[in-house]
Amino acid sequence: MKIAGVVVLYNPDESVIGNINSYIKDLELLYVFDNSEVKNELIEKLKKINKVKYFSVGKNVGIGFALNYVCDIAVKEGYDWLLTMDHDSYFEPNGVLKMIGEFEKKIGRDKEKIGVISPLIVYEGDKIEEEGNENFQKIPIAINSGSILNLKAFLKAGKFREDYFLDRIDFEYSLRLRKQGYELLRYNGSRLYHKLGSLKVYNFLLFKIRVTNHHPIRHYYMTKNAIDIIKNYFKSFPSHCLYEIKSVIFDFCKVILFEKNKFEKIKMIFKGIFDS
């Protein structure tokens with residue numbers, strides 16, 4: 001199982017070095033695709049890390065473009081699988097190595113049927129109540145960060161949606177892989193720790209509400225891309241599309257109740273609705 005990785009950067013801070021060090025030793029090579037719009041001294045440090053190949057086109061071209069660019073290179077360079085990472089996520093020690101080893105041992109000959117392997121995701125603000133078990137289980141959606149993509153499945157299913165730019169690219173791709181007959185698996189014995197924007201937790205009635213305080217443009221893509229998924233996949237995956245409908249409504253309510261810069265965010269949500 002020949003595996004490389006890719007991390008997509010966007011104006012990272014110092015924590016990115018530690019995040020990368022949590023998984024790079026488990027890979028043969030790490031592609032770093034830099035979408036940053038400003039120069040960052042960290043980049044020179046990153047370029048010096050062993051096993052790193054650095055790419056940039058000098059502007060933010062979106063996550064879809066970055067993933068497609070690197071997937072094409074990884075295929076040409078003979079890799080079978082590609083770990084995809086956000087710059088603000090990190091694995092527990094030996095998390096990738098453990099996930100790969102268990103996958104080879106337990107899935108074996110059936111691995112070509114698998115489109116993506118995902119770890120157990122621990123979101124910022126989550127409580128860790130118990131140890132993950134050693135089981136694999138089918139999942140409907142795999143997020144980009146921490147997922148190991150079958151590059152043969154990539155060649156069959158086609159490229160990531162570059163017009164989605166920065167949100168729900170992974171959701172759409174998960175559904176497309178499933179439509180092509182691939183399965184998505186989560187390995188519960190490895191954890192990925194994943195950050196969600198500028199997170200704040202509010203108590204509302206009997207519930208705890210996580211508010212991510214994304215930039216207004218993020219709300220535009222969240223809304224537009226969710227509606228595009230609903231239009232394209234409702235017949236095949238109605239349960240996920242109902243989730244997308246609830247997500248758009250819930251996002252709007254959170255902006256109204258809890259977030260700053262409400263007018264700009266609401267404007268972007270409505271622009272996303274009209275543009276979709």
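Here is a short chat about why some residues in this predicted model get the labels they do.

User: What should I know about the model and the numbering before we start?

Analyst: It's a predicted model, where local features need pLDDT of at least 70, side-chain atom pairs count only at pLDDT 80 or more, and totals for chains, interfaces and linings use all residues. Residues are numbered from 1 along each chain as its sequence is written, and side-chain values use heavy atoms, with hydrogens and water left out.

User: Why is Glu-244 called buried or exposed?

Analyst: Buried means under 20% relative accessible area, exposed over 50%, and partly exposed in between (1.4 Å probe, protein chains only). Glu-244 comes out at 0%, so it counts as buried. It lies in helix H8, residues 238–258 (helices are DSSP runs of H or I with at least four residues, strands are runs of E with at least two, both numbered from the N terminus).

User: What is Glu-244 in contact with, leaving aside its neighbours within four places in sequence?

Analyst: Arg-168, Phe-171, Ala-226, Ile-229 and Ile-230. Contact here means heavy atoms within 4.5 Å.

User: And Leu-205, buried or exposed?

Analyst: Its relative accessible area is 73%, so Leu-205 is exposed. You'll find Leu-205 in the loop between strand S10 (200–204) and strand S11 (207–211).

User: Which residues form a nonpolar patch on the surface with Leu-205?

Analyst: Phe-204, Phe-207, Ile-256 and Leu-257 join Leu-205 there, with about 530 Å² of accessible area together. Those areas come from the Shrake-Rupley method with a 1.4 Å probe; for residues, only the protein chains shown count as cover. Patch members need over 30% relative accessible area and no salt bridge; nonpolar side chains (Val, Leu, Ile, Met, Phe, Trp, Tyr) are joined within 5 Å, like charges within 9 Å. A salt bridge is a side-chain nitrogen of Lys or Arg within 4 Å of a carboxyl oxygen of Asp or Glu.

User: What makes the phi of Asn-94 and Asn-261 worth a look?

Analyst: Most residues other than glycine have a negative phi. Asn-94 has a positive phi of about 60°, and Asn-261 has a positive one of about 55°.

User: Why are Asn-94 and Asn-261 called partly exposed?

Analyst: Asn-94 has 39% relative accessibility, so it counts as partly exposed. Asn-261 gets that label because its value is 45%.

User: How do you know whether Lys-260 is buried or exposed?

Analyst: Lys-260 has 65% relative accessibility, so it counts as exposed. The place of Lys-260 is in the loop between H8 and H9.
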